[in-house]
Amino acid sequence: MERLGVGIIGFHHLHSLDYLPHFDAIARTEVRAVAESDPVCLERVCGQTGIDGYVDYNTLLSREDIGLVVILLPHAECPDAVERAASAGKHVIVEKPMADTSEGIRRMIAATEGAGVTLSSPYCWRAHPAARRIKALVDRGILGRIVALEGRCAAGSPLRYLENGISPWLNKKAVAGGGPMHNLGTHWIDLFRWFLKDEVRQATGMVSHLQHRLDIEDNSFGIVRFRNGATATLDISYSVPKAFPAGRDLFIGLRGSLGTVSWSPAWGGTDDEVFVVSDHPDFADGPRTTLRIASEAADGYGGVSGRVYLSETVNAILDGKPPCISGMDGLRAVEVVEAIYAAAESGRVVTVENCSA
């Protein structure tokens, strides 16, 4: 069996080590090297994993036995790293939101397209079993025409990024690009684009720094309108207390001309409930039901969703096919975030840059 050699670049990120269990479980991959410019952090990682390590990621990129690199550097550093990886002929997965700005992602797309290599980002909620059931309902027309969507993602305090010095850069706007809307809201933006097969046309929003008074916002709110007229609200924050179950308050809602869906994802769990109401005559479980969706437990980033995303992306690379989630998907999500931020600053509705593309 052909195996894809993997290198991981950047370990001042909460998710870096969490990729290892997934690649260990995927038969077609093998992590062969890691890179981290902080020698103390690198020594710790190599000691824990037994994997070859380099302070200079260019040394990792020079290895012929590595075909895919996963980049988890501070967002502002990712465009340069992707350009160098593409120049070395490596396929690339960049941890979302991929860069601090949309311009950085455009550079990534140009570099990887020019080199003929894959570019993807782990928007792995698309791979969640419950999300795929909801997508099937939307595609079958069980909800009718989708007119409104609601997304909430409230995570813990941004002060957690300072703990043990793992990723303090996430609290610096110039390096991270933004706060929770940039770092987490892109997940729901991507998911809604995928549900609707549509792009955001306009956005407005507001942000708040009241809770932690940091450079980045701690609470952010967006209202976006898609080309087909559907409106989505986004409530994205670093706001839940430590005692909150699993450290996440999550919700996804869809309203259509014939039905609705409500889902509170079981962060860190494997049992999800999706409440569906539909007047569609072909909805066999109707007019209302609770879908109980069990997912397989999997160690690693995003649980089974992360594993499915990585497995599908690796298979696409090895089979010479495009990945399900492309660099362009990452670009579209960040363009929406930038429009929300611009609207919050100006107090006006902002047209999203891609809407005329």
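This is a short talk through two sheets, two buried residues and one pocket of a predicted model.

Let me begin with the sheet that comes earlier in my notes. Six strands form an open sheet here, and, read across, their order is β3-β2-β1-β4-β5-β6, with parallel pairing. At the edges are β3, which covers residues 52-54, and β6, and each of these two pairs on one side only. Inside that order, strand β1, residues 4-9, pairs with β4 in the parallel sense over 4 bridges, and if you would like a place to look, Gly 7 stands opposite Val 69 in β4.

Staying with β4, please find Ile 71, which belongs to this strand of residues 68-71. Is Ile 71 buried or exposed? Its relative accessible area is 0%, and because buried means under 20%, Ile 71 counts as buried. As for what surrounds Ile 71, if we leave aside the neighbours within four places in sequence, its contacts are Ile 9, Cys 78, Ala 81, Val 82, Val 92, Ile 93, Val 94 and Glu 95. To give a sense of distance across the model, Glu 345 is 274 residues from Ile 71 in sequence, and the two are 31 Å apart in space, C-alpha to C-alpha.

Now move to the edge strand β6, residues 119-120, where we find Ser 120. Ser 120 is also buried, with a relative accessible area of 0%. Which backbone oxygen lies 2.6 Å from a polar atom of the Ser 120 side chain? That oxygen belongs to Ile 325. Ile 325 also appears among the residues in contact with Ser 120 beyond four places in sequence, and others in that group include Val 92, Ile 93, Val 94, Tyr 309, Thr 313 and Pro 323.

Let me turn to the other sheet. This one is an open sheet of 9 strands with mixed pairing, and the order to follow on the screen is β14-β13-β12-β11-β7-β10-β9-β8-β15. The edge strands are β14, residues 288-294, and β15, residues 350-351, each of which pairs on one side only. Helix α8, residues 180-196, packs on this sheet and touches β7, β9, β10 and β11, while its direction makes about 150° with that of β10.

If we walk inward from the β15 edge, strand β8, residues 200-208, pairs with β15 in the antiparallel sense over 2 bridges, and Ala 203 has Val 350 as its bridge partner in β15. The pairing of β8 with β9 is antiparallel as well and runs over 8 bridges, with Met 206 standing opposite Phe 221 in β9. Then β9 and β10 pair in the antiparallel sense over 7 bridges, where Val 224 stands opposite Ala 232 in β10. These two strands, β9 and β10, form a hairpin with 4 residues between them, and Gly 229 in the turn has a positive phi of about 100°.

Finally, the pocket. The largest pocket has a volume of about 540 Å³, and of the 32 residues that line it, those closest to its centre are Trp 125, Trp 267, Tyr 301, Gly 302 and Gly 303. Which elements supply at least two residues each to that lining? They include α8, β11 and α9, the last of these covering residues 303-318. Helix α8, which we met packing on the sheet, gives the most to the lining, with 4 residues.

Terms used: Residues are numbered from 1 along each chain as its sequence is written. This is a predicted model: local features need pLDDT of at least 70, side-chain atom pairs count only at pLDDT 80 or more; totals for chains, interfaces and linings use all residues. Side-chain values use heavy atoms; hydrogens and water are left out. Buried means under 20% relative accessible area, exposed over 50%, partly exposed in between (1.4 Å probe, protein chains only). Contact means heavy atoms within 4.5 Å. Two strands pair if DSSP finds at least two bridges between them. Axes are lines fitted to C-alpha atoms, for helices over the stretch in contact, and angles run from 0 to 180 degrees between N-to-C directions. A polar contact is a pair of N or O atoms within 3.5 Å; within protein, one must be able to donate a hydrogen and the other to accept it, and residues adjacent in sequence count only if both atoms are side-chain atoms. On a 1 Å grid over the protein atoms alone, a cavity is a set of points where a 1.4 Å probe fits but cannot get out, and a pocket is an open set with protein on both sides within 12 Å along at least five of seven lines; lining residues have an atom within 4 Å of a point. Grid points are joined across faces, edges and corners, and a volume is the space filled by probe spheres set on the points.
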